[in-house]
Amino acid sequence: MADLSTDLGFLKLRNPVLTASGTFGYGTEFIPFMELSAIGGLVVKGLYYGPREGNRPPRLVETASGLINAIGLQGVGVEHFAMDVLPKLRRFDTQIWVNICGSDEDEYLRVIDFLNRQEGVAAYELNISCPNVRQNGLCPALNSRWTFDLVRAAKAESRRPLIAKLSPNVTNIIEIARAAEDGGADGISLINTLLAMAVDIETRRPKLSNIFGGLSGPAIKPIALRMVYQVAQAVKIPIIGMGGIMTGRDALEFLLVGAKAVQVGTANFVDPAASVRIVHEMEDFCDAHGLIRVADLVGTLQTGL
Amino acid sequence: MKHFPSAKIIRKQSWGDYHLFRFETVLPASSAETIEAKPGQFVMVRVNEGYQPLLRRPISLHNAGEDWLEIFFKVAGEGTALLAKKREGETIDILGPLGRGFDLSGEWKGKSVYLVGGGRGIAPIYFLGCTLQSLGAEVKILYGGRTEDELPIRGKFTIAGLVTVCATDDGSYGFAGFVTDLLDREIEAGRPDGLFVCGPDLMMQKCAALAAQHGLPTQISLESMMGCGFGACWGCVKRIKQAGHSNWRKICEDGPVFKAEEIIWDEA
């Protein structure tokens, strides 16, 4: 059996498969369907300091091999999370990462400060792709200066490894990734969803109440692979790749282009045990190809003649 | 363990766009659990193997036993059209039963209840009617559709010994008019102790208004497109007021059944 362990430098994972924030609820929803300790870790749905309402429905629309969502980060806030959710998750032998949101820099720092004092959280994923953090609904991950400033402030506050989650909705992903690295991020996760919309020609209305939403699922995998590949060439910190991973083979593609770990997202909705299945499929591939360590595949894409 | 990756279709019945499947849902011998399906719960059905469509389809439970489940659905789009093509002997990946279902706690013996189903919304009403009858309630089914063809399973209610009154919008069968008009008439004739409703949104909204007018305890089963069906995606929300506070609640996990007075209809 191949060794699936993964060393991110700042953390060691049992295997390279985590679940993506926003697609795995608070983790507890999946307990009836899968063994949480069989995956590398889980990333909890984005948390603001307080509870948050989210958007009006319709919040979801299915598109070709994909899904557009505009949930609006409805959630319970850090206090409820710490009291009600975290004790249930701590019973499992898996890493708990928390995705952190804020409506301004101060809120991000307050969330980090609160979570610093809670046991059982392994790392923070800084959701700098949140809307409404800066003027005109822009998010920090759209601008390298904003990214640098927020990552630096968050890193100074954080007592845990900090991973910056980048948005793909930019002209130059390399510039943003370097800003996160320069700001002190321990790692980078990408890609968040692609800004998208869907239209109903009968009603002549957008299919989402929010007009725009974030596209995920197999439809975005080629874009995600391209961006992970570009960023892997440009930064030294470890990359956690995601975007449309449905199978172990998809996950291995992300390792080849330079990701040390992956996150499984939309697949969790279709198959609640998808993350565990993907671990097994990666292992089967390694065994079938005589590979001893899955980590040996990272960044081995051959592009020469 | 509420996942049946290869549930076999052991019976299929079709009436135009309406279909009824019975699945064999045998739990592994190692499992200590039972299915324990309740009326008002639903399953998430994977209609194909590939990525188009990507998501499962939520479909109401029509009936259930120890090792089988039934669904009754109408072809409404790409997903249900693919599902309708499945044949007896084929297997389908189903997740469930999910959701909380109808609240049947308390005493039902001798209580009079009206169960209103419109179109494909009749699906959970059969399971509910049989269950309430076994609990000793006096059940009356009000089954509505646009035309006679929209009432394909009306006969089975009668066979199960459930008093059934049908309504068609075009008057082609039973009461001529909306099932909500029929409900209005039935309430005037004899006020029930409880009301249960499943159907199109407008119909349910009208039933909720009648329930409020007559002060009838009413449970309504909502329908929604769903991302996951088990509370992870937060996509299928409805505005729900409980204990004086309103919020977006998940139809899949917190419902799909809510008390009529809890549902705020005008907010999407």
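Okay, one bit of vocabulary before anything else: two strands count as paired here if DSSP finds at least two bridges between them. Keep that in mind, and keep in mind too that what you see is a predicted model.

Let's try the definition out on chain B. Strand β7(B), residues 112-118, pairs with strand β8(B), residues 138-145, in the parallel sense, and there are seven bridges between them. If you want one spot to look at, find Leu115(B): its bridge partner in β8(B) is Ile141(B). And is β7(B) mostly covered or not? Mostly covered, with six of its seven residues buried.

Staying with chain B, the domain assignment splits this chain into domain 1, residues 3-98, and domain 2, residues 112-221. Their centres, taken over C-alpha atoms, are 24 Å apart. Where they meet, domain 1 of chain B puts in 13 residues and domain 2 of chain B puts in twelve. On the domain 1 side, the elements giving two or more residues are β4(B), 57-64, and β5(B), 68-74. The largest share of that side is from β4(B), with five residues. Sort the domain 1 side by class and you get seven nonpolar residues, five polar and one charged.

Now over to chain A, where there are two sheets to show you. One is a barrel: eight strands close up in the order β3-β4-β7-β8-β9-β10-β15-β16 of chain A, with parallel pairing. From one strand to the next, the twist averages 25 degrees. To zoom in on a pair in chain A, take strand β8(A), residues 123-127, and strand β9(A), residues 162-165: they are parallel, with four bridges. Glu125(A) has Ile163(A) as its bridge partner in β9(A).

The other sheet is open. Four strands of chain A, in the order β5-β6-β14-β11, pair up antiparallel. So which strands stand at the edges? Those are β5(A), 60-63, and β11(A), 194-196; each has a single partner strand, so one side of each is left without a neighbour in the sheet. The twist in this open sheet averages 35 degrees from one strand to the next. At the β5(A) edge, four bridges join that strand to β6(A), residues 66-69. There, Thr63(A) sits opposite Gly66(A).

Next, the inside. As a general point, nonpolar side chains tend to be buried together in soluble globular proteins. Here, the largest nonpolar core has 175 residues, and Val228(A) and Val43(B) are the ones with the most contacts inside it. Which helix gives the largest share of this core? That's α5(A), residues 221-234, with seven residues. The two domains of chain B also take part, each giving the core at least three residues.

Back to Val228(A) for a moment. Leaving out residues up to four places away in sequence, Val228(A) touches several others, among them Leu190(A), Ile239(A), Phe254(A) and Val257(A). As for helix α5(A), it lies across β10(A), 187-190, and β15(A), 239-242, and runs at about 170 degrees to β15(A).

Last stop, the place where the chains meet. How many residues of chain B are in contact with chain A? There are 21, and they contact 29 residues of chain A. By class, the chain B side has 13 nonpolar, five polar and three charged residues.

That's my tour, thanks for listening.

Notes: Residues numbered from 1 in each chain as written. Chains lettered and ligands numbered in written order. Predicted model: local features only at pLDDT ≥ 70, side-chain atom pairs only at ≥ 80, totals over all residues. Axes fitted to C-alpha atoms, helices over the stretch in contact; angles between N-to-C directions. Core = buried A, V, L, I, M, F, W, Y, C linked by C-beta atoms within 7 Å. Buried ≥ 20, exposed ≤ 12 C-beta atoms within 10 Å, placed from the backbone. Domains from an automatic or database assignment. Contact = placed C-beta atoms within 7 Å. Nonpolar A, V, L, I, M, F, W, Y, C, P; charged D, E, K, R; others polar.
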